[in-house]
Amino acid sequence: MKTDTVIKIENLGKCYRIGEREQYLALRDILMNLVKAPLRRLSGQKKRNKPYIWALRGINLEINQGEVLGVIGRNGAGKSTLLKILSRITAPTEGEVLLRGRVSSLLEVGTGFHPELTGRENIYLNGAILGMSRNEIEKKFDEIVDFSGVGDFIDTPLKRYSSGMYVRLAFAVAAHLEPEILLIDEVLAVGDIQFQQKCLGKMQEVANSGRTLVFVSHNMASIQRLCTKCLLLEQGKMRSAGNTREVIREYLQLVSEVVNIPLHQRVDRKGTGQLRITGLQLLDDSGAQLNTVASGANITLKFGYSTGTAPTKDVHIALGFNNRNGERIFNLNTLTTSDPLTLINKEGFVLCTIPRLPLVPDDYFITVFVTIKEVISDWVQDAFKLKVESGDFFGTGKTQYDNEGNFLVLNHWEVV
Amino acid sequence: MKELTKIKPQKGLIGVNLKELYRYRELLFTLTMRDIKVRYKQTVIGGIWAVLQPFLTMVVFTLFFGKVVKIPSEGIPYALFSYSGLLLWTYFANSVTKASNSLISNTNLISKIYFPRLLIPLSSTMVGLLDYLIAFILVFGMMIYYRFLPPLTILLVPVILFFTWMFAAGLSFWLSAINVKYRDVRYVVPFFVQLLLFMTPVIYPVSIAGKYRWLLMLNPMTGFIEAHRAMLIGHQPINYGMVGISISITVALFIGGLVYFRSVERYFADII
């Protein structure tokens, strides 16, 4: 191991038995198997071998002191598994990793927070869980409270906090960790924009102070901004590693290929699967199907869904629109524009109408995110490609835009 | 030189990393404190619950077993006899019940952060020690009431408490680890603990078992409860032989539990 290498990953692999992640056994199953096994042998059936799946395999990487490594990839590519191995939550099946220095990991903000305890008590609890000593926490206590901005609520039980305050307090503790190696999973996906900026700033600070950062994210803009090096995972394997800009380009290329796979065949999705989105059709005003849409057209996105339970209540759907660079340009969410949906049938359609589509001609990628009673049911990154062509957005008959920016905005001119 | 961590596949039996456990001692303390604080939050009488549980059990047992059934109590008031047993028993029973479910109730910690997993059942068995201390006060109250002078051997009580903790912890290592994979444990333990009360000389003296005494001895709590009572009250000599058997079984169970726990903890995060 060279002196400035702080993380060395060699031929790392993690294998799961299919279903192992969710299922737990009851003794009943074991007893049933004891009974069934001899019967099966009698009837000449072979014992069904449970299939294995390599969540991660053949990972080789060296990360030097002070580097910021971004880990990107689609859902199920193995990003979280890699982080879990590096943070020693789970052991690898093969290969090894050497880490030099004190490691802290943030797979979620506020790990171990207890709703009954006060903010103060939770700072000590969370700090200890993250590996800070009591002394250290005491020294930084005022700073943490300051950073979180919860002020007078510090002696109030956490259950009375708003979700914003909760996240701010949690991140404030995490931000005052001083490890030599910091592993971060998409924790920045929470909180308001202002707070996210504050967090990114803090991470930049960490990176600049010569510490090493490994950072998993779907947000290409923050990856681009923070990372000196990038790793792209695809189905558990290293697809590429190196220069951030090039790796991101490769990821976007990958996305544009994947999006051609019919949605019901996509396996790179997360969630319980209680409800799955099965397809998308684009419709115009009259309900006729479209392949591409024009700027300024009234369009309807018609989603097919299928669920095992009907009726399904408390469904929320969010659609994230990304541009070619993998940047989120806007988000449509039933949380803000509708009541929770109730789906009566086991299979059916959900319609989302966008009047006068304000997008400049280009390709866009839509991420679908479905929750039922606040539990993620289906989440497919870049599920669809939306091809937007020139159209008469302004109603002036002029369809030649200069394609500056992302959006078309109505405007009027006059000389007075 | 910076500390070096090596991560590699884990196979077979794995020893206990004492150095690491020592480094995480503050977390053990913090987790224990968390459970203690949370326990009596939003209750009206708070810590008094710690006394109330063994006290009320004692009252009921004294009425039924002492007054109605007239179980012999080795020449001391039945109330004092049963409370001196229930005090230790309550600690043991609550600790095992709580600790065997402890990994499951801390799923969010196990799947999100690394620390020695042993801390979780360990802290669960420590929480009850405070309750024990609170409930202990009542022993003095009863001594005054019944005009008993506590013997010097009362100073030995911490030794018995330590081994009772060790027994509870050893049992909890096994049960909590098995519970991760087979959730049946959650249903078996409260039931098992309840039955075990009747196979332990808490509410009756060992002598009552006659020639089946040896059966009771297989249960380490027998030795501990008897010795605990003898040390507190001094109504009869401490049976060191019996305590010795209990300690031997306890130590074996504890070490076995440690090794088992360490060997299976590698899959906790994957299946919990």
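How many helices and strands are there in chain B? Chain B has 13 helices and 1 strand. Keep in mind that this is a predicted model.

Start with the order of these elements. Along the sequence, the strand of chain B is written at the head of the pattern, which reads β-α-α-α-α-α-α-α-α-α-α-α-α-α. The radius of gyration of chain B is 20 Å, and the globule rule gives 19 Å for 272 residues. These two values are close, so chain B is as compact as a globular protein of that length. Its C-alpha trace spans about 65 × 45 × 40 Å along the principal axes.

Now look at how chain B is packed. Of its 272 residues, 53% are buried. Consider next the contacts between residues at least 6 apart in sequence. In chain B, 80% of these contacts join residues at least 24 apart.

Turn to the surface. The accessible surface of chain B comes to about 12,600 Å². Carbon and sulfur atoms account for 71% of that area. Charge comes next. Chain B carries 25 positive side chains and 10 negative ones. The centres of the two sets lie 1 Å apart.

Aromatic rings are the next stop. Over all chains, a search of the whole structure finds 23 aromatic pairs. One pair joins B:F162 and B:F163, whose ring centres are 5.2 Å apart. Their planes meet at 75°, and an angle over 60 degrees counts as edge-to-face, so this pair is edge-to-face.

Are these two residues buried or partly exposed? B:F162 has a relative accessibility of 42%, so B:F162 counts as partly exposed. B:F163 has a relative accessible area of 16%. The cut-off for buried is under 20%, so B:F163 is buried.

Both residues belong to a wider group. Ring pairs link B:F162 and B:F163 with B:W165, B:F173, B:F254, B:F261, B:Y267 and B:F268. Together these residues form a cluster.

Finally, move to chain A. Where does A:V360 lie? A:V360 sits in the loop between strand 18, residues 347-354, and strand 19, residues 362-372. Although in a loop, A:V360 counts as buried, at 5% relative accessibility. Compare its position with that of A:R211. In sequence, A:V360 and A:R211 are 149 residues apart. In space, they are 41 Å apart, C-alpha to C-alpha.

Conventions
Residues numbered from 1 in each chain as written. Chains lettered and ligands numbered in written order. Predicted model: local features only at pLDDT ≥ 70, side-chain atom pairs only at ≥ 80, totals over all residues. Heavy atoms only, no water. Helix = DSSP H or I, 4+ residues; strand = E, 2+ residues; numbered from the N terminus. Rg over C-alpha atoms; globule rule 2.2 N^0.38 Å. Buried < 20%, exposed > 50% of the residue type's maximum accessible area, 1.4 Å probe, protein only. Contact = heavy atoms within 4.5 Å. Areas by Shrake-Rupley, 256 points an atom, 1.4 Å probe, with all protein chains shown as cover. Lys, Arg positive; Asp, Glu negative; His and termini not counted. Charge placed at Lys NZ, Arg CZ, Asp CG, Glu CD. Phe/Tyr/Trp six-rings, centres within 6.5 Å; stacked < 30°, edge-to-face > 60°.
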